[in-house]
Amino acid sequence: MVKDRMVELLQEHFELNLYEARAYVALVGFGVLTPAELASVSEVPAPRTYDVLRSLEKKGFAISQPGKVNKYRPVHPQNILEKFIEEWQERVAEELELKKKAKEELLELMSPLIETEIPKYGVEKVWVVRGIRNATLKTKEMFEEVKEQILLADDGYIAINLESDIIKAIDNGAKAKIIVTENVLHRLGTSKIMDYYKKGKVELKVIDKLELPMLICDDEVFFALEDMAARYFNYETQIWIKDFRVKALFEGKFNEYWEQAKKA
């Protein structure tokens, strides 16, 4: 129903609760209402009408007319909704500036910790990363820090979703060899990775199937444990290892794939 949709929009986007939204829609429809009249023409319970109307007045959606019985009329939707958006934009801008300042202060306060001689990941060389968001952040970090070589065997996520990070790493001097499956190659289409391949800035091959997708950046290795259910729910377990011996093992497997793959 149209009325329900109006109530839904007011709740979702204009910070009115359910009773406030119903009351405002009723005011717009009837023009002027007393609390008792509001209870009779809307789904706002009678004991709540006084509080709801006062709240609407406080939020700028209604105006009251004092008398023996207070009457309320709506502020025109064009005016109040536009005003709400303007004020919301100001709040968002202020909040954004506060977050930027907080970020700068945190980076300044944390710089001694970041720049200490203690190894960045402590003494551990193996980490478990769960969930697509955490995996993405870890992969981005690897691309940011890589100096020499990227080896990527990808069957569906990294090349497509982290293209800009790969390109930036290549522009910063890293050499890249990428193997993708047919479905990934098709989705790359006119991507910058494909453009770099045509210009000879990246080596790219295609393979029918990858049993062990992986990312190697210098001495760091990142791969997912096989779990189709976890992958379906974007919560698969991924392993990050920094060890030159493990890197050599995975690089050997990557080279096997490279020999089996064909030119893109």
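Which residues is V129 in contact with, leaving aside its neighbours within four places in sequence? They are N134, A135, K138, F222, E236, T237 and Q238. Keep in mind that you're looking at a predicted model. The domain assignment splits the protein into domain 1 (1-75) and domain 2 (126-263), and the centres of the two, taken over C-alpha atoms, are 56 Å from each other. Here's a quick tour, starting with domain 1.

**Domain 1 and its annotation**

- An unreviewed UniProt entry annotates residues 10-77 as "domain: Transcription regulator TrmB N-terminal".
- Helix makes up 51% of the span 10-77 and strand makes up 12%, while the C-alpha atoms at its two ends lie 11 Å apart.
- Take a look at helix 4 (residues 49-58), where T49, V52, L53 and L56 are buried. These residues span an arc of only 95° around the axis, so they sit on the same side of helix 4.
- The cover over the buried residues of helix 4 includes helix 2 (18-30), helix 3 (35-41), strand 1 (62-65) and strand 2 (71-74).
- After helix 4 comes G60, which has a positive phi, near 90°.
- R73 is a residue of strand 2. Its relative accessibility is 43%, so R73 counts as partly exposed.
- Setting aside residues up to four places away in sequence, R73 touches G31, V32, A62 and I63.

**How far things reach**

- From R73 to I239 you cross 166 residues in sequence and 62 Å in space, C-alpha to C-alpha.
- V129 and V44 are 85 residues apart along the chain, and 49 Å separate their C-alpha atoms.

**The sheet and its edges**

- Now for the sheet: 8 strands make an open sheet with mixed pairing, in the order 3-9-8-7-4-5-6-10. Strand 3 (126-130) and strand 10 (262-263) each have a single partner strand, so each has one side without a neighbour in the sheet.
- At one edge, strand 3 pairs with strand 9 (residues 237-242) in the antiparallel sense, over 5 bridges. Within this pairing, V126 has I241 of strand 9 as its bridge partner.
- V129, the residue from the opening question, belongs to strand 3. With a relative accessibility of 10%, V129 counts as buried.
- At the other edge, strand 10 pairs with strand 6 (203-207) in the antiparallel sense, over 2 bridges. There, K205 stands opposite K263 of strand 10.

**Strands 4, 5, 6 and 7**

- Strand 4 (residues 149-154) has 5 of its 6 residues buried, so the rest of the structure largely encloses it.
- On one side, strand 4 runs parallel to strand 5 (residues 175-181), with 6 bridges between them. I150 is found opposite A176 of strand 5.
- Strand 4 also runs antiparallel to strand 7 (residues 214-217), joined to it by 4 bridges. L151 is found opposite I216 of strand 7.
- Strand 5 in turn is joined to strand 6 by 5 bridges, and the two run parallel. T181 has I207 of strand 6 as its bridge partner.
- Strand 6 is mostly covered too, with 4 of its 5 residues buried.

**A closer look at D154**

- D154 is part of strand 4. Its relative accessibility is 4%, under the 20% limit, so D154 counts as buried.
- What does D154 touch, not counting residues up to four places away in sequence? The list is A159, I160, I179, V180, T181, V184 and L210.

**Helices against the sheet**

- Strand 3 is one of the strands touched by helix 6 (residues 132-145), which packs on the sheet. Helix 6 also touches strand 4, strand 7, strand 8 (220-224) and strand 9, and its direction makes about 155° with that of strand 8.
- Helix 12 (residues 244-260) lies across strand 4, strand 5, strand 6, strand 7, strand 8, strand 9 and strand 10. Helix 12 runs at about 120° to strand 7.

Definitions and conventions: Residues numbered from 1 in each chain as written. Predicted model: local features only at pLDDT ≥ 70, side-chain atom pairs only at ≥ 80, totals over all residues. Heavy atoms only, no water. UniProt positions renumbered as here; feature names shortened; annotations may be inferred. Buried < 20%, exposed > 50% of the residue type's maximum accessible area, 1.4 Å probe, protein only. Pairing = 2+ DSSP bridges. Domains from an automatic or database assignment. Contact = heavy atoms within 4.5 Å. Axes fitted to C-alpha atoms, helices over the stretch in contact; angles between N-to-C directions. Arc of directions from axis to C-beta.
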